[in-house]
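Here is a short report for a reader meeting this structure for the first time. Keep the model in view while reading.

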Amino acid sequence: MVISNNSIVLSQSATIRPILKTPRCRFLSDSVVHSTTMQPTLASRHVAVIGAGAGGLIAARELWREGHKVVVFEREDQVGGTWVYTPKVESDPIGIHPNRTTVHSSMYESLRTNLPREVMGFRDYPFVAREGDEERDPRRFPGHKEVLMYLKDFSREFGVAEMVRLETEVVVVDAAEGGRWKVKSRSKGGGGVEDEIYDAVVVCNGHFTEPRLPQFTGINTWKGKQFHSHNYRHPEPFRDQVVILIGSSASAVDISREIAGVAKEVHIASRSVADETLQKQPGYDNMWLHSMIENAHDDGSVVFKDGSVVLADTILHCTGYKYHFPFLETNGTVTVDDNRVGPLYKHVLPPASAPSLSFVGIPWKVVPFPLFEFQSKWIAGLLSNRIALPSKEEMMEDVKAFYSLLEASGTPKRYTHNLGGCQFEYDDWIAAQCGCPVSEEWRKQMYSEVSKNKCARPETYRDEWEDDHLVLQAYEDFKKYTLNGVSNG
């Protein structure tokens, strides 16, 4: 193993057989493991996967491994989902007009991952740097292009690319006879809508496309410019302007700093700070942190809850996205209410139609790729009858108990799928269902260390760190897997 230029390259591989543990999480009920100990009659299903982003690619791989026949529908001209950067933006910069020209990706030009590659990668296909390839980004926190290339490598390595129908949009998913599903799709330049019947549908269409906007008095009549971060690509449109940026997520932090380099002033409005907050951001002469906006006025002024007033040119909404399934017709058995997709058993399965309908990638504030992998293994095993589910009634009771827990703790409905505090326990619970290894200890520790480092070094955490011992543990673990031609020669 060699370490250079923030990259580590492997030279050998083997097989891993870790010991299985059964963890618990306060957002999981006391459900028992339902993996059956009897020899089941295994089944091979015909499965439609909607979306060829990271979730759809790993779902297809796991379904294929389990013996299912898989078709992946992807409306764009390449795999990668939200990791496909495009300079194009939508015709409506705020992203709410129903007839706007839509763009799937929300990627901005300068984006680098806020997680290290060791943590990000699929478990048996580590996200390691490619030595000797000038097109690749060897940094530990690479740019978006490197992530896309990794996903394309993955799709080729496991033959997933051959399962994908590119430029094919799913327009309707509707229940058919016998618990099956009718999938209507339309190919770009094709001859109309095609109807097909599938045994199961896995929804992997992502949730970073449909903008979610805040509501406060005057926002609909405010005369300045408004954008959603979905349509942010680079800072130049904000040069010499007074900009109010709403939000405090990772992308909001990155974008605010980037805009501050060209804007006259940047004022950040955040729900996560006290109402009286008004402070200049360290290291910047033109950026301030405020509490949330109270109201906006026709003269361009915006009043914050801290009492300050700013005459702004532009409001940039870094306020997240809505779950959106315009193709899905379930007669009300699955709904989206204030960003709660429900009812979903363990954020994956609607009890009324499980396991023939499932969702990958609903949780947020998580390490996404490994979580997608666990969910996909579970779905694949359920569809083959290798893994058993509780009854529909038991699943529904579990969902109700979960909702009650959220309500009792004062958690807003829109945070239903926020697993930031217990994502690894969630992953490990699903691993126990599948009978597969739980999350590696180094991955959990590394995630924690990166979070601390981000707070301590918000400007430089991507290039300065103190967890090299965990990096070494990760790459020792990676030796146990067969990598796609990654070696030090």
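## A hairpin

Val183 has Glu196 in E8 as its bridge partner. This pair belongs to a predicted model. Strand E7 covers residues 181-187, and strand E8 covers residues 193-198. The two run antiparallel and are joined by six bridges.

Five residues lie between the strands of this hairpin. One residue of the hairpin, Gly189, takes a positive phi near 75 degrees.

## A parallel sheet

Which order do the strands of the open sheet follow? The order is E5-E4-E3-E9-E24, five strands with parallel pairing. Strand E5 (164-165) and strand E24 (357-359) stand at the edges. Each has a single partner strand, so one side of each is left without a neighbour in the sheet.

Look next at E3 and E4. Strand E3 spans residues 46-50, and strand E4 spans residues 69-73. Five bridges pair them in the parallel sense. In this pairing, Ala48 stands opposite Val71 in E4.

## Two domains

The domain assignment splits the protein chain in two. Domain 1 is made of 46-210 and 321-483, while domain 2 is 225-317. Their centres, taken over C-alpha atoms, are 31 Å apart. Domain 1 brings 25 residues to the contact, and domain 2 brings 17 residues.

About 1,600 Å² is buried between domain 1 and domain 2. Carbon and sulfur atoms give 45% of that area. Which residues of domain 1 lose the most area to domain 2? They are Pro93, Ile94 and Tyr108, which together account for 36% of what that side buries.

## Polar links between the domains

Between domain 1 and domain 2, 18 residue pairs are in polar contact, counting pairs with both residues at pLDDT 80 or more. The side of domain 1 that touches domain 2 holds eleven nonpolar, eight polar and six charged residues.

Two salt bridges also run between domain 1 and domain 2. Asp254 and Arg462 form a salt bridge, with their closest N and O atoms 2.9 Å apart.

## Salt bridges across the structure

How many salt bridges does a search of the whole structure find? The search gives 37. Side chains of opposite charge can pair when their charged atoms come close.

Glu66 and Arg386 give one example: their side chains meet in a salt bridge at 2.8 Å, N to O. This pair links distant parts of the chain, with the two positions 320 residues apart. Glu66 sits in the loop between helix H1 (54-65) and E4. Arg386 sits in the loop between helix H5 (368-383) and helix H6 (392-408).

## Backbone exceptions

Most residues other than glycine have a negative phi, and most peptide bonds are trans. Some places in this model depart from that. Asp338 has a positive phi, near 50 degrees, and is not a glycine. Asp338 lies in the loop between strand E22 (335-337) and E23.

Two peptide bonds deserve a look as well. The bond from Gly342 to Pro343 is cis, with omega near -5 degrees. Pro343 is in the loop between strand E23 (340-342) and E24. The bond joining Ala354 and Pro355 is cis too, with omega about 0 degrees. Where is Pro355 placed? Pro355 is in the loop between E23 and E24.

Conventions. Residues numbered from 1 in each chain as written. Predicted model: local features only at pLDDT ≥ 70, side-chain atom pairs only at ≥ 80, totals over all residues. Heavy atoms only, no water. Domains from an automatic or database assignment. Contact = heavy atoms within 4.5 Å. Buried area = accessible area lost by both parts, 1.4 Å probe. Salt bridge = Lys/Arg side-chain N within 4 Å of Asp/Glu carboxyl O. Polar contact = N/O pair within 3.5 Å; in protein donor to acceptor, adjacent residues only side chain to side chain. Nonpolar A, V, L, I, M, F, W, Y, C, P; charged D, E, K, R; others polar. Pairing = 2+ DSSP bridges. Helix = DSSP H or I, 4+ residues; strand = E, 2+ residues; numbered from the N terminus.
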